[in-house]
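This report looks at empty space in a protein model and at one place where two helices pack.

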Amino acid sequence: MATQGRQLPPNDPISASSVKSTLTAYFVPLLLLAASIFFQLVVVPRNFPPSYYDVLGIPKYSSIEEVTRAYERITSECVEVPPTVNLIKVQYAYELLTNQILKRDYDIYNIDEHLDVLENVKEHHSGKHLSQIDLPLIQNASFDPIDQDYEFINAGNFLSKFEDDKALLLQMVSSGSNRCAQFSETWKRIVNLLKGVSNIGVVDLSDVQLSVYLAEKKSSGKPFFRSGVPALLAFPPGCKSSKCLHRYEGELSVDAITDWLATNILNLPRIPYYSKESLVHNFLVKSKPHLVKVIFISKSGERATPFIRQAAKNYSPYATFGFALWKEEESTFWWNVFGVESAPAIVFMKDPGVQPVVYQGSTNSSMFIDIMEKNKHHVLPQLRNATSMELGCDVQGYSRAGIDTKIWYCALIAGRPSQELNKMRETMRRVQETLSSNGKIDDIVDQDPLSAPAALAHEQKRLTFAWLDGEAQHRYCFFHIHSEDSYETCGPRRGMTDVARLFVVRYEMNPKNEKLDTPKQTNNIFNALHHTESDPVSTLVAKYNGSTDTSEIIRWISQIIKDGDSREIPPFKTKAPELVPEDSSHIWSKSSKKFISSGKNVKSWSSGLISSLSNQIGDPRIGPSLLLAALMSFGLIWLNRSRSTQSSSQNEANQIKDEDKPSRRSRSRSGANQLFPPSITDSEPKDAQQLPLSDSDSE
């Protein structure tokens, strides 16, 4: 009889799903365990490579004598054996640790800038005898910071560098560094470019106290400089703590370092570059008419230095700035348009029709400030909110002649920007030049005696010439001209007519002890709302209605000054409207006035975060911590799963018992029925019979 074959059990889907659920439940502990193993086997060895002391087989921070003995012991054992890579490392470790300066930098700051020499020797001389290798491997640097005329900063004078609230740029140097020697000339150029803009100093690594304070810190607390030396550090203005310290990590070039300092530390926006074509359309045409146009023509194409950018920001109410690159093939254009022969050069574009002012050659900070002071105004300056005090044409200020001057004058040309206004501005420039006449008043008096009062007042700085934008300063313009046809000069253009008008404002300082207010009126709300204090200076306005002849205008101004100086005019109460401030240049208005003292913008904050994470990732405590977290999570998950399994088993057992026993409701009902006798409506007896019914009741 044939026996039936044994049947294999089908695949158990329950076991596969249980394995999957188990792996899912323990995913986090397994991930932590894998991270812990990876950290201990990969990350820690990379962050803690064997030191040069380990190469020599001696304890860390051993003395130079111990290093020498260890080197002699190792080399004596390998005299007849061709040198291996390890022996080359022994030679390098010996040279590094027997140099007192290099040993100090390595022990304290973990600086090893000659590592490329070791890699080069290992690559090209591996397998050769030690006598065939050029020794020493490390060439001693012939660099002494003291010989470089540096301004050294130490722990004693460090705090004194923050007294003037300027930015502070520091270079960390070491006398044993070849890189510092190569960087010395670049540093000298940077120092010259930053004079007057930022405090500058050098910190030698021999000053351990200050150097450790300025260094970055690893998780173990060990100080280090990420890129070795030279290392550049900067404190922003107002920053006096290492919390707001900036570290430079870019290219060690003059242009890159100065641009980093000007942009990230001093918060100075860049001055844009223009080509020959865009210079006219995007700079000269679009610049505001009240600003002097300053063009820097560069031959190298380098960005603006910090002192130029600082000066450009300071003079932004007076001028707008742009850079252009000089090309030899475009030299004809620069000569014909601006009168520039070669680069570098600075060009000042002033009033319409006035020849550009050109300065050839390089400039330093002090020279550039002097040049800007001489050329920050137009030849005929504009009366604006930013210039009224300086010109002496402000009722809240004083004369250019000084605070003791009682009476002075301002001759103003008012009008909307137009050809008519440009013509009158040119006429007033001729008047101004005639009265100046190189300061020789006698010549002016001899030629035209009637012009003497104006010439004398101009020399004494009691007479100022300026022009006023009647459209932008319409309230000021209407207040002084105040005539039926003043709309032809002031306010928005209403018709085709634009008229530029000349008027002279006489200023007289009111006596300080004399009250000019009107008699006290009844105290009520209306008077309180409309009561305003009078200006400290009284003004009178004289309007000119003559021709544009220069001599006639000068005689008229002279007559006004003569009458104004000779007549006693009682002071009176007045309140002149204020000049409307102009919109600042968009380049400077969006700069970092929002700059905070901590000195952390988004870019520097993100780079600082990355650096901090890279410093902390080498912490050897991370691996054991991950392992501990993995074990704890394993235990918690196992405990929770065990409890859930026990509870489910108990629930199943209880469910089976409940099925075998009657329900609580039925038990309670049966127990209650035992207290009452059975009735006919209850259960039927076993021997019960049904009696037949008859048809009649009598039966």
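The text below takes up the cavities, then the largest pocket, then a helix pair.

The model is predicted. Rolling a probe the size of a water molecule over the atoms shows where empty space is left.

**Cavities**

How many cavities of 30 Å³ or more are there? The count comes to 3. The table lists two of these together with the largest pocket.

| Space | Volume | Nonpolar lining residues | Polar lining residues | Charged lining residues |
|---|---|---|---|---|
| Largest cavity | about 70 Å³ | 4 | 4 | 3 |
| Second largest cavity | about 40 Å³ | 3 | 5 | 2 |
| Largest pocket | about 920 Å³ | 15 | 6 | 13 |

Which residues line the largest cavity? Its lining includes Asp105, Ile111, Asp112, Glu113 and His114. Leu96 and Leu102 also belong to the lining of the largest cavity, as do Ser174, Gly176, Ser177 and Val229. By class, this lining has 4 nonpolar, 4 polar and 3 charged residues.

The second largest cavity is lined by another set of residues, among them Lys376, His377 and His378. His290, Val292 and Tyr318 take part in the lining as well, and Pro381, Gln382, Arg384 and Thr387 complete the list. Here 5 of the lining residues are polar, 3 are nonpolar and 2 are charged.

**The largest pocket**

The largest pocket has a volume of about 920 Å³. It is lined by 34 residues, and the closest to its centre are Pro49, Tyr106, Asn110, Asp112 and Lys218. Four helices each give two or more residues to this lining: H2 (27–47), H3 (52–56), H6 (100–109) and H7 (115–124). Which element provides the largest share? That is H7, with 4 residues. The lining of the pocket divides into 15 nonpolar, 13 charged and 6 polar residues.

Asp112 appears in two of these descriptions. This residue lines the largest cavity, and Asp112 is also among the residues closest to the centre of the largest pocket.

**A helix pair**

Helix H16 spans residues 419–436, and helix H18 spans residues 452–459. Their axes lie 9 Å apart, and the helices pack at an angle of about 85 degrees. Because of this angle, H16 counts as roughly perpendicular to H18; the range for that term is 65 to 115 degrees.

Where do the two helices meet? On the H16 side the contact is made by Gln432, Leu435 and Ser436, and on the H18 side by Ala454, Ala455 and His458. The contact residues divide into 3 nonpolar and 3 polar, with no charged residue.

How values were computed: Residues are numbered from 1 along each chain as its sequence is written. This is a predicted model: local features need pLDDT of at least 70, side-chain atom pairs count only at pLDDT 80 or more; totals for chains, interfaces and linings use all residues. Side-chain values use heavy atoms; hydrogens and water are left out. On a 1 Å grid over the protein atoms alone, a cavity is a set of points where a 1.4 Å probe fits but cannot get out, and a pocket is an open set with protein on both sides within 12 Å along at least five of seven lines; lining residues have an atom within 4 Å of a point. Grid points are joined across faces, edges and corners, and a volume is the space filled by probe spheres set on the points. Ala, Val, Leu, Ile, Met, Phe, Trp, Tyr, Cys and Pro count as nonpolar, Asp, Glu, Lys and Arg as charged, and the others, Gly among them, as polar. Axes are lines fitted to C-alpha atoms, for helices over the stretch in contact, and angles run from 0 to 180 degrees between N-to-C directions. Angles under 35 degrees count as roughly parallel, over 145 as roughly antiparallel, 65 to 115 as roughly perpendicular and the rest as oblique. Contact means heavy atoms within 4.5 Å.
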